[in-house]
Amino acid sequence: MNLIVFGENSFTTIVVESLVKKGHNILGVFCPLYENKIHARLETTCNNYHISFKRVSEINSDSFYEQIREIQIDLIIICHFKKLISAKIINLPKLGCINLHPSLLPYYRGMSPQHFPIIKGESETGVTIHFVDEGIDTGDIILQKKIQINNQDYVSDLQNKMKAIYATIVVEAIDKIKTNKNEYFIQKHLEGSYFGKLKISDCIINKHFTCQQAYNLIRAVSFPYFGARYNNLIIWKAIKVDNNFIDNKIELGEISVFENNTYIKLMDGYLKLIKFEENEK
């Protein structure tokens, strides 16, 4: 099958490798022109497989459209691509345009699907392959796979679980599309939930949080993201501890040092900070 891929990072790389191993013909991989090196692994992989790799400054420009219009595309695949693609590009391929979204749609649409399920205390999430339509993550669902979120999982742990699914789910979705049975789940009419791009303001611990709320936030925004913020600290790792082993005279929200360890007192107990640093800003 003749494919083009829109992607940006190492997550896209896993999908590209799975497509090559399955024997699909990737006619090109396109990445936005960012001023960083997020694309480096993806570009190296494309070079190794002799796949055309291009960084594009204006993905919805007429010139780019004309460039890919000449390609005989069966399917467009989008994976971790933060730019919205115009309808005229989406409608080019014979079989449509599909997107990999790291949540169980219709829940956690938008740009932070790996963070907010942990923040909200969910016990599971997943990966969805869906057709792209005019909405944001609202197209018909082709395939979904669930992932358990353990109480010890940080965002990097969750991403590692997702990577294992990325290695198979897109090729499985393509096989399903090729059967042409149209056995898809329509989600456009469902409310679901949406969360925008993660911001530092989303990472702030409030002293009125419960320990579980703060612990969830720390896990959800830890490395390689912003880190949770409390007063002048950036917190990367913490654990919940017994309520009564520290002097109860400590005020709510106070940061204290006890037996060479640092703690924050919250609404229902204490967090012991395992890895943290001062915020220099």
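The following dialogue goes through some terms used for this predicted model.

Trainee: How do you know that the seven strands form an open sheet with edges, and which strands stand there?

Mentor: The order of the strands is β3-β2-β1-β4-β5-β7-β8, with mixed pairing. At the edges are β3 (53-56) and β8 (141-148), each having a single partner strand, so one side of each has no neighbour in the sheet. On average, neighbouring strands in this sheet are turned by 20° against each other, direction ignored.

Trainee: What makes β2 and β3 a pair?

Mentor: At least two bridges are needed for two strands to pair. Strand β2 (residues 25-32) and β3 have four bridges, and they pair in the parallel sense. Within this part of the sheet, V29 is opposite F53 in β3.

Trainee: What makes helix α3 packed on the sheet, and which strands does it touch?

Mentor: Contact requires heavy atoms within 4.5 Å. Helix α3 (residues 62-69) touches β1 (2-7), β2 and β3, and its direction makes about 170° with that of β2. Angles over 145 degrees count as roughly antiparallel, so α3 is roughly antiparallel to β2.

Trainee: Which strands does helix α6 lie across, and at what angle does it run to β8?

Mentor: Helix α6 (residues 155-179) lies across β1, β4 (75-79), β5, β7 (124-131) and β8. Its angle to β8 is about 155°.

Trainee: Why are α1 and α6 called oblique to each other?

Mentor: Two packed helices are described by the angle between their axes and by the distance between the axes. For α1 (10-22) and α6, the axes come within 9 Å and cross at roughly 40°. The roughly parallel class is for angles under 35 degrees, and the roughly perpendicular class begins at 65. The angle of roughly 40° falls in neither class, and α1 and α6 are therefore oblique.

Trainee: What is the hand of that crossing, and which residues of α1 meet α6?

Mentor: The crossing of α1 past α6 is right-handed. From α1, the residues F11, I14, V15, S18, L19 and K22 take part. They meet residues of α6 including Y166, V170 and I174.

Trainee: How do you know that the buried residues of helix α2 are on the same side?

Mentor: In α2 (residues 40-48), L42, T45 and C46 are buried. Around the axis they cover an arc of only 100°, which puts them on the same side of α2. The buried residues of α2 pack against β1, α1, β2 and β3. Just after α2, H50 has a positive phi of about 60°.

Trainee: Why is N231 called exposed?

Mentor: Exposed means over 50% relative accessible area. N231 is at 60%, and therefore counts as exposed. N231 lies in the loop between β10 and β11 (233-241), and has a positive phi of about 50° although it is not a glycine.

Trainee: Why does N260 count as exposed, and where does N260 lie?

Mentor: N260 has 77% relative accessibility, so it counts as exposed. Its place is the loop between β12 (255-258) and β13 (261-266). N260 is not a glycine, yet its phi is positive, at about 65°.

Trainee: Why point out a positive phi or a cis peptide bond?

Mentor: Because most residues other than glycine have a negative phi, and most peptide bonds are trans. A cis peptide bond joins L105 and P106, with omega about 15°. Another cis peptide bond joins F223 and P224, with omega about 10°. P106 is in the loop between β5 (97-101) and β6 (109-110), whereas P224 is in the loop between α7 (211-221) and β10 (228-230).

Terms used
Residues are numbered from 1 along each chain as its sequence is written. This is a predicted model: local features need pLDDT of at least 70, side-chain atom pairs count only at pLDDT 80 or more; totals for chains, interfaces and linings use all residues. Side-chain values use heavy atoms; hydrogens and water are left out. Helices (H or I, at least four residues) and strands (E, at least two) are DSSP runs, numbered from the N terminus. Buried means under 20% relative accessible area, exposed over 50%, partly exposed in between (1.4 Å probe, protein chains only). Axes are lines fitted to C-alpha atoms, for helices over the stretch in contact, and angles run from 0 to 180 degrees between N-to-C directions. The arc is that of the directions from the helix axis to the C-beta atoms. Angles under 35 degrees count as roughly parallel, over 145 as roughly antiparallel, 65 to 115 as roughly perpendicular and the rest as oblique. A crossing is left-handed if the near helix is turned anticlockwise from the far one by less than a right angle, and right-handed if clockwise.
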